[in-house]
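Visitor: Please take one part of this protein and go through it closely. I would like to see the aromatic rings and their surroundings.

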Amino acid sequence: MKYYLFKINTKPCRAHNLKKLFACLPEDKKSAIENSLENFTNNLHEYSEYFVNQRYLYETQAAGEISIDVKFLYDFRESLHKITPEIRQIKISTAPKPSPAA
């Protein structure tokens, strides 16, 4: 999501929470995503902290479980690609790096 926000040149959004990142999208993009995914609002609310929870899971002593709907995350990613297909075109340079000047 951060990559997507970077690619569409929106205001910087410093968060890992999916709901906060979603709020940084332009209104037309938000509407397109909300309308393309079933039960979007509930899923976004339920899984907004997933990245943070996974990232810091190893630091906690709690033996709690974290659940995730992988299909929701996949469909969410796909909807981002559908509304802005050019972000899928990642350009990778295979040219060798120039040698430092001596």
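Guide: What follows looks at the aromatic rings and the core around them.

The model is predicted: local features need pLDDT (the predictor's confidence in each residue, from 0 to 100) of at least 70, side-chain atom pairs count only at pLDDT 80 or more, and totals for chains, interfaces and linings use all residues. Residues are numbered from 1 along each chain as its sequence is written, and side-chain values use heavy atoms, with hydrogens and water left out. The mean pLDDT of the protein is 76, and 69% of its residues reach 70 or more.

The structure holds 6 aromatic pairs (rings of Phe, Tyr and Trp, the last by its six-membered ring, with centres within 6.5 Å; planes under 30 degrees apart count as stacked, over 60 as edge-to-face, the rest as tilted). In one of them, the ring centres of F72 and F76 are 5.9 Å apart and the planes stand at 15°, so this pair is stacked. Both residues belong to helix α6, 4 residues apart, or about one turn; helices here are DSSP runs of H or I, at least four residues, numbered from the N terminus. F72 is buried (under 20% relative accessible area, 1.4 Å probe, protein chains only), with a value of 4%. F76 is also buried, at 4%.

Ring pairs link F72 and F76 with F22, F40 and Y47 into a cluster. Leaving aside neighbours within four places in sequence, F22 is in contact (heavy atoms within 4.5 Å) with residues including I33, F40 and F76.

F22, I33, F40 and F76 have the most contacts inside the largest nonpolar core, a set of 17 residues (buried Ala, Val, Leu, Ile, Met, Phe, Trp, Tyr and Cys joined through side-chain atoms within 4.5 Å). Helices α1, α2, α4 and α6 each give two or more residues to this core.

Definitions and conventions:
Buried means under 20% relative accessible area, exposed over 50%, partly exposed in between (1.4 Å probe, protein chains only).
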